[in-house]
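Okay, everyone, thanks for coming. I'll put the structure up, and then we'll walk through it together.

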Amino acid sequence: MTVSSPGEWARTLLFAVLLLQCGCGRQAERAAPVKSMDPTAFKGATAFEEVREFIAIGPRHSGSPGADRAARHIQQKLAAHSITASIDTFTNTTPRGPMVFRNVIGRIPGQAPGLLVLASHYDTKSGSGDDFV
């Protein structure tokens with residue numbers, strides 16, 4: 001990963017600190033087991049429908065109403081699979097001024113010690129125009 005601006009450095013550092021706080025010195029929370037997801041039940045048409053729904057949200061650049069809708073959409077999809085999910089909302093200073101950012105955090109308690117992090121961007125590139133999704 002290349003981090004090139006002060007805002008990106010700050011976001012990267014904040015993300016690393018949040019990860020450390022989530023996993024350091026805490027006992028794993030015990031929650032209801034997550035619904036089993038049968039890998040043989042995967043359907044390409046269903047996957048494309050999920051993508052179509054997400055793209056229909058429209059542009060999702062950080063700080064936009066679309067980014068808020070996208071975060072809530074992801075949170076609802078995780079909840080539908082019995083995954084506890086929350087939205088971490090924070091404001092950070094950027095070259096364009098203060099901007100709202102959101103991280104969607106899903107937690108699946110495990111049986112083994114340790115922490116596994118899967119991360120991905122769900123925002124669109126800012127400045128690419130409203131037709132770039």
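Let's start with T124, which counts as buried because its relative accessibility is 7%, and the cut-off for buried is under 20%. You'll find T124 in the segment after strand 2. Now look for R60: T124 and R60 are 64 residues apart in sequence, yet in space their C-alpha atoms are 5.1 Å apart. Keep in mind that this is a predicted model.

Okay, let's zoom out for a second. What pattern does the chain follow when you read along the sequence? It goes α-α-α-β-β, which fits the tally of 3 helices and 2 strands. The protein chain has 133 residues, and 18% of them count as buried. And if you take the contacts between residues at least 6 apart in sequence, 53% of those join residues at least 24 apart.

Next up, the helices. Helix 2 covers residues 44-55 and helix 3 covers 65-80. They pack with their axes 10 Å apart, at an angle of about 150°. Angles over 145 degrees count as roughly antiparallel, so that's what we call helix 2 and helix 3. Who makes the contact? From helix 2 you have E50, E53 and F54, and from helix 3 you have A70, H73, I74 and K77.

Two of those names come back right away. The largest nonpolar core is made of 5 residues, and F54 and A70 are among them, along with I57, A71 and Y122. If you click on A70 and skip residues up to four places away in sequence, you'll see that A70 touches F54, I57, R60 and Y122. And yes, that's the R60 we met with T124.

Now over to the strands. How many aromatic pairs does the count come to? The count comes to 1. That pair is F90 with F101, and the two rings are stacked, 5.7 Å centre to centre with 25° between the planes. F90 sits in strand 1, residues 84-94, and F101 sits in strand 2, so the pair ties together parts that are 11 residues apart in sequence. Both of these residues, F90 and F101, are buried.

Stay in strand 2, which runs over residues 97-107, and find R102 there. Is R102 buried or exposed? Buried, because its relative accessible area is 17%, and the line is drawn at 20%. The R102 side chain makes a polar contact with the side chain of D68, at 3.3 Å. Beyond its neighbours within four places in sequence, R102 is also in contact with several others, including S64, A71, T89 and Y122. You'll remember A71 and Y122 from the nonpolar core.

Two loop residues before I sit down. S62 is in the loop between helix 2 and helix 3, and the S62 side chain makes a polar contact with the side chain of D123 at 3.4 Å. Setting aside neighbours within four places, the contacts of S62 include A67, M99 and F101, so go back to F101 in the stacked pair and you can follow the link yourselves.

The other one is S82, in the loop between helix 3 and strand 1. What is phi of S82 near? Near 60°, which is a positive value in a residue other than glycine. S82 counts as partly exposed because its relative accessible area is 37%. That's my tour, thanks!

Key:
Residues numbered from 1 in each chain as written. Predicted model: local features only at pLDDT ≥ 70, side-chain atom pairs only at ≥ 80, totals over all residues. Heavy atoms only, no water. Helix = DSSP H or I, 4+ residues; strand = E, 2+ residues; numbered from the N terminus. Buried < 20%, exposed > 50% of the residue type's maximum accessible area, 1.4 Å probe, protein only. Polar contact = N/O pair within 3.5 Å; in protein donor to acceptor, adjacent residues only side chain to side chain. Contact = heavy atoms within 4.5 Å. Core = buried A, V, L, I, M, F, W, Y, C linked by side-chain atoms within 4.5 Å. Phe/Tyr/Trp six-rings, centres within 6.5 Å; stacked < 30°, edge-to-face > 60°. Axes fitted to C-alpha atoms, helices over the stretch in contact; angles between N-to-C directions. Parallel < 35°, antiparallel > 145°, perpendicular 65-115°, else oblique.
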